[in-house]
Amino acid sequence: MAERRLHKVLAAVAKVKPGEARLALLLFAYFFLITAPYNIIKSLRDASYLEDLGPNFLPFAYASVVVVGLAVSLHARLQARLSRRGLLMGTLAVSVVLDLVFWQVFHASSWKWWSLVYWMWANVLVVVLTTQFWILVNDLFNPREAKRLIGFFGSGGILGGVAGGILTGFAARRMDPHDLLLISALLLAAALAVVRSLFAGRPSAEAAGRRAAEPPPAAPAKVGFWDCARSVKGSRYLILIAAVVLVTGIVSTLIDWQSKNIIFVAGQANLTSFFGFLNSGLLAFAFLFQLVLTSRFIDRFGIRLGLMIYPAALLLLSVGIAAAPAVLWLAVGIKGSDKALSYSINQSARELLYIPVAPELKYRAKIFIDMFVNRFSKALGGLALLIVFSIAHVRLSNAAASPRLVTEASIASAAFIVVWIVLNILLGRAYVREVRLQLAKKWERPDVLVSERMDVETAKLIVDALESRSQSPTLFALHLYDLARRKKLTPEIKSLLVPPSATTGSPAERSASAINSLLEAEEAPWTPEAADPALSAEMDREIREILSLDSYQALMGGYAAGVLEDRSGGGETSRMELAKAIGLMDRGSPLVSRLDELLADASPAVFQFAAESAGRLRRREFVPALVRRLTDPQSRGDARAALEKYGDSVVGTLSDFLADREESPGIRGPVASLLAGIGTAEAAEALLDELARGPAGLEPDIVDALDRIRSRNSEVAFPEDAVRAGLARALAALGPVTAAADVLPVFRLLGLIYNHEDVFRAYQSLLKGTEDSVGYAVELLDQTLDPELKGGLLPRLESLARGGAAQEIP
Amino acid sequence: MVIDKREKNNVVIFDIEGEIRRSDITDVTLHQLVKNELELGKKQILLNFEKVDFIDSFGVGEILASYISTLNLGGKLKLARISKKLFLIFQVTMLTKVLDIFDEEDLALRSFLKE
């Protein structure tokens, strides 16, 4: 009940789904309570350092990341040994204690280098706490959920920072700034309570019923710093993320120095209070940006553009500072942009970049990149500054730097930003590849695979030949000739059809053996591998010429009439022989017209050979007889195979059958499938035309047929407008989606105009039906489809995920 | 191609020797020879291919034309001692269903007697 009320409230400001409200609110509070004290600590850190040591000593502060590196290493070890709950609560407890220790130190000692020590501790604190928070988010949510809720969580962090900054701004004017550490300790203690509540409320994996189809995540193995580093080194994608983080850190450090220097030169009376208000104002801007724009921006434009906006804004402002190096509002502007965009779009986009990384690898990579690379980048930023100082012959003192030095630092940061933009482009492309790899393997139609990998026609011919061996020597000879003409009468097939030792058995078998001796004879070289091909071709030519002779046609015409009137006494076998023989003749031969009668033969065996012959001769008058047999279960395969051989020439006639509402679905459905078998652009167009007309119950057949054409012939280009019209119709007709199969026609149509591998990988993942698989599928489609299609499809797909609100925390 | 004629048991036997091919047309074709015999009232004809090395579609056409002419006049034309290759060709073209073909001349002659 309380959860439902809470959901109602949160749903007004964030895309929180039922069952997620409590968890979302706790995470919001957790992030708030770690960023509020951090902003207090940070404002005090900056002011103390500038007052005690001056801006020119800032590179040493930036370089103090070595200590952060050690802390990261310690954290990695602890992460391997402790549960997530123990790690988070232990870290917060230590932070409270150290806050109190520094409060005591600042009151008891006037040594100015305590500011550097304090700086280092503040850096360790923010790295460890924020990284732990985002690891927890990654544990709990899949890409789609994270993408939906990340704006809300991020806002909690920014709001905490704003509150901490305002508190610092006011309190630093009324009390000793160092006493703010007591307030910070109190807030961290509150965060401890939230984390405890967060874990106390977690259901077990079994009770949650979520991701039931998946094995529970394995407990993280013990990992050290080098394990983390090796994990990143082994992946081009992670190296790219690390490179972007490295360059971002360098730029951010250069910008930090520029802004602090300009602020210091401006001569603020109470620096702690100024930094408090500044930090809070900057974060308020970031908060609004995050709340209003981040999710919408990433939903609308995706991660790739999301990654670009941050460096683009900084590049613009760096150029401004290079031109006007002592303007306070520009300093505030660039620092504000750095902070707002870093905490909002950039942070959100960067966290999403980790989603397609395997969980175990992700933990290690995040530790290395967020805790080491990110910090190391500050050191490199400090080094870059020292190089700029060295070039400008600056002497280190607690005095402010000259405007010229600020200009030079701005030019340096602009150069780094250009590198950053290039890396972002590469990273965006790599992200899509990684999401793709997380999805199921390539989807292939089994029917197409079978037809691609088997020479079905030859196999059928061999079986027919084997059957005819004991049935009719003439039919057997016709089959052998057919095989030889197709260059399929290899020694292996020949020995299968005519065993050399077959000297006993039925008269037909003995006849077959005789044929074998003929085949082996020097003058009957029908085995291309064993004889002179020219001679074999000559024999083939002779047979064709005989078949074309007027005398032959006249003689066999009389014979055919007898067979068809059953005067020959041969019955079914004679009709089979005749049907087969007609297929060897020229399509203009008089005897070919008798095939019509054989196509109407009630015997499936006779029809089989008649249909084969019709498929070879491809005369239009045979088409209706073949189409009629599509409804006959015993003959439809032969009729279909024959019609497919007509190719494009029969598409028009078949389209007429397809469009004829008077025709039974028993014929129209197979005709759609037949067009798929023909598989040309014309056949695809005919199917799309019918789809546009609204084929009344035949939509699945037509969509399946189009998909078959796509599978079998990648050369066919489907008219995009027609496919989109079909998609609009399919989406409009789509009811509530309860199973992946409900959207199969939509996916098949999508596969016609988008990368079909992506589309069907996404479908395969939907079939799995788990939160993660659905999430990855939707994420890939989100990166692939046009906005108008996304709106109609993706929300329905998200409902396919089974289970409740969130998964178990490892 | 050389064609000799003899007669046995009222059956006209043509012994053909050499190759029957389009490029080797003689003044008098096999069909013409058969027609001549038919005009003389000889209606039982046997073609002996024992010494035929090669026969092309033209040659088969001659046989078929001879057969039709004989049949039209109510006669009988039979074949003996054809090569394995020609038998195979006749099987593929289904001419074995129409033509009377014998392995030996005697068997063919006996079949005339039975009729």
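How are H29(A) and H30(A) oriented to each other, roughly parallel or roughly antiparallel? I opened the notebook with this point and worked outward from it. I note at the outset that the model is predicted.

**Entry 1. Helices H29 and H30 of chain A**

I looked up the pair formed by helix H29 (residues 665–678) and helix H30 (residues 681–693) of chain A, and found that they pack at an angle of about 150°. Their axes lie 8 Å apart. Angles over 145 degrees count as roughly antiparallel, and H29(A) and H30(A) are therefore roughly antiparallel to each other. I recorded the crossing of H29(A) and H30(A) as left-handed. I then listed the residues that make the contact: H29(A) contributes A:Ala672, A:Leu675 and A:Ile678, while H30(A) contributes A:Ala683, A:Ala686 and A:Leu687. By class, this contact of H29(A) with H30(A) has 6 nonpolar residues, no polar and no charged ones.

**Entry 2. Helices H28 and H30 of chain A**

I next turned to helix H28 (residues 651–659) of chain A, which packs with H30(A) at an angle of about 15°, the axes being 10 Å apart. Angles under 35 degrees count as roughly parallel, so H28(A) is roughly parallel to H30(A). For H28(A) and H30(A) I noted a right-handed crossing. The residues in contact are A:Val651, A:Ser655, A:Leu658 and A:Ala659 of H28(A), with A:Glu682, A:Ala683, A:Ala686 and A:Glu690 of H30(A). I sorted the contact of H28(A) with H30(A) by class and entered 5 nonpolar, 1 polar and 2 charged residues. On re-reading, I marked A:Ala683 and A:Ala686 of H30(A), which are among the residues touching H29(A) and also among those touching H28(A).

**Entry 3. Chain A overall**

What does chain A hold in the way of helices and strands? I found 36 helices and 0 strands. Of the 810 residues in chain A, buried residues make up 50%. Among the contacts in chain A with a separation of 6 or more, I noted that 79% come from residues 24 or more positions apart.

**Entry 4. A:Leu744**

I located A:Leu744 in helix H33 (residues 744–753) of chain A. Is A:Leu744 buried or partly exposed? I entered A:Leu744 as partly exposed, because 18 other C-beta atoms lie within 10 Å. I also checked A:Leu744 against A:Asp704: the two are 40 residues apart in sequence, and their C-alpha atoms are 9.4 Å apart in space.

**Entry 5. The contact between chains A and B**

How many residues does each chain bring to the contact? I recorded 23 residues from chain A and 21 residues from chain B. On the side of chain A that touches chain B, at least two residues each are supplied by helix H18 (473–485), helix H21 (533–548), helix H22 (550–564) and helix H23 (571–582) of chain A. The largest share of that side, 6 residues, comes from H22(A). By class, I entered this side of chain A as 17 nonpolar, 2 polar and 4 charged residues.

**Entry 6. The sheet of chain B**

In chain B I traced an open sheet of 5 strands with mixed pairing, in the order S1-S2-S3-S4-S5. I noted strand S1 (2–8) and strand S5 (100–102) of chain B as the edge strands, each of which pairs on one side only. From one strand to the next, the twist averages 25°. I then followed strand S3 (residues 44–55) and strand S4 (residues 76–80) of chain B, which run parallel and are joined by 5 bridges. B:Ile45 stands opposite B:Leu77 in S4(B). Helix H4 (residues 105–114) of chain B packs on this sheet and touches S1, strand S2 (11–20), S3, S4 and S5 of chain B. I entered about 160° for the angle between the direction of H4 and that of S4(B).

**Entry 7. Two positive phi values in chain B**

Most residues other than glycine have a negative phi. I therefore set apart B:Arg81, which has a positive phi of about 60° although it is not a glycine. B:Arg81 sits in the loop between S4 and helix H3 (84–92) of chain B, and I entered it as buried because 20 other C-beta atoms lie within 10 Å. I also noted B:Met94, not a glycine, with a positive phi of about 65°. B:Met94 lies in the loop between H3 and S5 of chain B. With 27 other C-beta atoms within 10 Å, B:Met94 is buried.

Notes:
Residues numbered from 1 in each chain as written. Chains lettered and ligands numbered in written order. Predicted model: local features only at pLDDT ≥ 70, side-chain atom pairs only at ≥ 80, totals over all residues. Pairing = 2+ DSSP bridges. Helix = DSSP H or I, 4+ residues; strand = E, 2+ residues; numbered from the N terminus. Axes fitted to C-alpha atoms, helices over the stretch in contact; angles between N-to-C directions. Contact = placed C-beta atoms within 7 Å. Nonpolar A, V, L, I, M, F, W, Y, C, P; charged D, E, K, R; others polar. Parallel < 35°, antiparallel > 145°, perpendicular 65-115°, else oblique. Left-handed = near helix turned anticlockwise from the far one by under 90°. Buried ≥ 20, exposed ≤ 12 C-beta atoms within 10 Å, placed from the backbone.
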